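This report describes selected salt bridges and the exposure of the residues that form them.

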Amino acid sequence: MTSTTDLPVLPAAEACDLAALFAPNAVAIIGASDDTRKYGNWIAVQALKGGIPVHLVNRTRSTVLGRTAVPSVASIGSPVELAVIAVPAAGFEDAVDDALAGGAKAIVGISAGLGEAGGDGLLLQERITAKVRAAGARLLGPNCLGVLDHSSSLMLASNEFPVGNIGVISQSGNLALELATLLVDHGLGVSRFASLGNQADLDAADLIDAFVKHEGTAAIAVYCEDFRDGRRFARAAQRAAEAGKPVVLLTVGATDASVRNAKSHTGAMVSSGIVVEAACRASGIEQVSSPAQMAHLLQALVRSRVPSGARTAVFADGGGQASVASDNAAEQGLDVVEFGAALQSAIAAELPPTAAVSNPVDVAGGGEQDIMCFQRVLGHLMASDDVDATLMSGYFGGYGSYGPELAAREIETARRMAAETAAGGGTVLVQTMNWQSAAASALRDGGIPVYRGIEETAWVLGRLARRRTEPATGIPALPPPAPPVEDTGYYASRQLLADAGIPFVGAAEVSGEAQLLAAAATLRYPLVLKALGDEHKSDRGGVILNIADEAALLAAWRDVDARLAPPSCSIEEMADLTGAVELLVGVRRDPRFGPLVLVGLGGVFAEILRDVRCALGPVTAAQAKDMLLSLRGAALLTGARGRAPVDIDAAADIVARLSTVAAAHPEIAEIECNPVAATPAGAIALDARIVLD
């Protein structure tokens with residue numbers, strides 16, 4: 001499907017019930033066809049397999065697919081709540097008019113060549129969308145693959161989807177189909193499917209809200225290229241997570257326009273990916289990088305539980321697989337702790353003397369001797385206060401090949417393991433080379449996720465654990481807009497932030513030697529001289545430090561004036577940077593997601609170090625402190641190698657205040673203080689820059 005990143009965002013229509021889209025009284029397919037090369041044929045064939053009355057509409061044929069066709073929706077004689085339009089773009093508006101005249105409350109636009117084509121096609125799409133909204137109806141698409149709801153027997157997609165409890169919302173038809181095939185590998189399927197297309201009216205946020213209300217949906221998979229109103233999308237996903245229906249997101253470069261022409265360090269380091277990641281952290285969205293990852297994670301989200309911590313028991317029936325599983329678990333941040341003596345003793349009593357029991361556990365042939373040992377060992381692990389989750393790896397599911405009696409006992413063992421896990425509220429994930437066996441199916445049917453590879457199993461368990469250790473922070477509300485900023489000069493920017501409570505050193509702006517000396521008389525040496533009007537003044541020798549006296553000040557002034565000829569200069573008191581750590585603090589406004597707060601280490605080296613954390617703004621001081629402490633170089637702030645710790649609370653306060661200013665000024669594209677000096681005695685901003693949109 002075509003990306004709609006560059007399409008304008010129309011005002012959101014008022015929320016309305018989408019029952020007509022997913023459970024209509026009847027369906028009209030405008031453009032139904034006998035031609036197997038056309039969407040009108042594919043959609044009609046699928047629609048007739050469903051349980052909802054279907055009317056085939058074709059202006060020139062009296063029969064389609066061996067059934068009576070009608071020339072228009074209006075000629076049906078009774079209201080039809082849902083119309084699917086699969087005609088060329090030139091006939092799309094007439095088809096919409098016919099659908100609305102026939103009583104349609106929802107329209108699915110399969111037709112392409114509208115908004116995604118730009119120009120006249122976009123203008124036509126906007127006119128049609130306004131017409132649909134004015135009639136109190138809703139439009140899905142156009143340029144989409146269709147819609148499906150297994151609970152209402154609605155079959156209006158070009159392809160069949162397996163039945164299950166995963167809701168799928170996709171801006172790509174092929175990716176949705178690929179995901180469906182991957183879900184089958186995990187014994188899963190689709191509850192509802194909606195193709196986004198151009199999102200001319202209904203967007204991903206609307207559909208997430210509709211899927212949350214759907215009883216048959218347990219989790220929601222989203223592939224989206226353009227989020228329209230990004231915060232609205234994130235809030236919808238947050239509502240889904242709060243309702244127990246987590247959202248798993250796959251996206252690509254959704255907001256590249258937000259990083260073009262960046263004028264500050266902040267803008268240079270805020271990529272489209274960083275923006276989306278921040279929104280996902282805030283809302284509890286699980287972001288993945290492929291359809292396979294999406295399917296892997298969805299299996300665990302709908303079958304397993306979030307563990308209470310990261311302490312992981314590795315349980316295998318082979319020494320090599322136990323070791324590999326342990327290494328993979330550790331790579332995902334899971335803690336493969338050594339068991340206490342009591343737990344080791346309990347496990348040892350269930351296994352042969354050669355078994356390893358300290359963690360990882362290796363049953364060492366115990367499966368062949370007594371297949372029920374898997375159930376008993378797992379019971380000990382789940383009952384232990386030292387274990388938060390269990391990762392089982394190896395051959396389980398293959399013992400049944402040794403004979404029918406062992407096969408039956410293996411399946412019974414799997415059923416008991418699943419039942420005890422469900423009853424005890426444990427978190428158990430299984431990787432087995434026999435992942436398609438009857439025993440593996442029994443585990444899945446009982447609620448235990450089963451995987452083919454250890455890498456994806458450990459990765460999924462790590463993601464589950466982080467849902468507990470890194471909970472969603474929530475979508476911050478934006479304050480009412482403040483009077484717009486017009487002057488973005490250094491001193492005007494400095495004053496705006498100082499008025500917000502951000503501390504700066506004493507300073508003055510000067511444009512001649514007389515002003516220079518007069519201003520210097522009011523300040524304390526040593527001083528700093530900064531050439532203004534140059535965004536990268538430090539790189540060009542426009543910042544002179546440690547000016548000790550008047551003579552040195554005049555010499556610095558004349559040197560800078562001769563080399564750079566700045567329109568004016570700033571002279572500032574030299575801050576005491578003893579024990580200081582330089583920080584970058586900035587906010588970049590994204591056109592979809594709004595203000596994004598960035599903190600990092602580095603000062604002038606910020607773009608080299610790229611040790612940064614981002615969050616949707618505005619942030620509180622507590623959230624800002626968490627961001628600072630999550631930096632890779634956070635030990636520099638807390639007192640590494642004998643250094644005195646800096647005042648992190650003071651630095652966090654500057655971050656919070658700057659984010660509040662940025663959030664209140666939608667006209668500001670970028671704003672930053674770089675550097676902010678965090679010292680053991682406090683924190684102070686040493687520079688300020690504002691770039692208007």
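## A pair within one helix

In this predicted model, D559 is partly exposed, its relative accessible area being 33%. Its partner in a salt bridge is R563, with the closest N and O atoms 3.0 Å apart. R563 is likewise placed in the partly exposed class, at 40% relative accessibility.

Both residues belong to helix 20 (residues 550-564), where a spacing of four residues separates R563 and D559 by about one helical turn. Side chains of opposite charge can pair when their charged atoms come close.

## A network of shared partners

Salt bridges with partners in common connect R133, R138, D201, D203, D206 and R232 into one network. Within this group, D203 and R232 form a salt bridge whose closest N and O atoms lie 2.8 Å apart. This pair links distant parts of the chain, 29 residues apart: R232 lies in helix 7 (residues 230-242), and D203 in the loop between strand 11 (190-195) and helix 6 (204-212). D203 has a relative accessible area of 9% and is therefore buried, the limit being under 20%.

## A link between helices 3 and 4

E93 and K131 are joined through their side chains by a salt bridge with an N to O distance of 2.8 Å. The two residues are 38 positions apart and connect distant parts of the chain, with E93 in helix 3 (residues 92-101) and K131 in helix 4 (residues 119-134). E93 is buried at 15% relative accessible area, whereas K131 is partly exposed at 27%.

## Overall count

The model contains 31 salt bridges.

Definitions and conventions. Residues are numbered from 1 along each chain as its sequence is written. This is a predicted model: local features need pLDDT of at least 70, side-chain atom pairs count only at pLDDT 80 or more; totals for chains, interfaces and linings use all residues. Side-chain values use heavy atoms; hydrogens and water are left out. A salt bridge is a side-chain nitrogen of Lys or Arg within 4 Å of a carboxyl oxygen of Asp or Glu. Buried means under 20% relative accessible area, exposed over 50%, partly exposed in between (1.4 Å probe, protein chains only).
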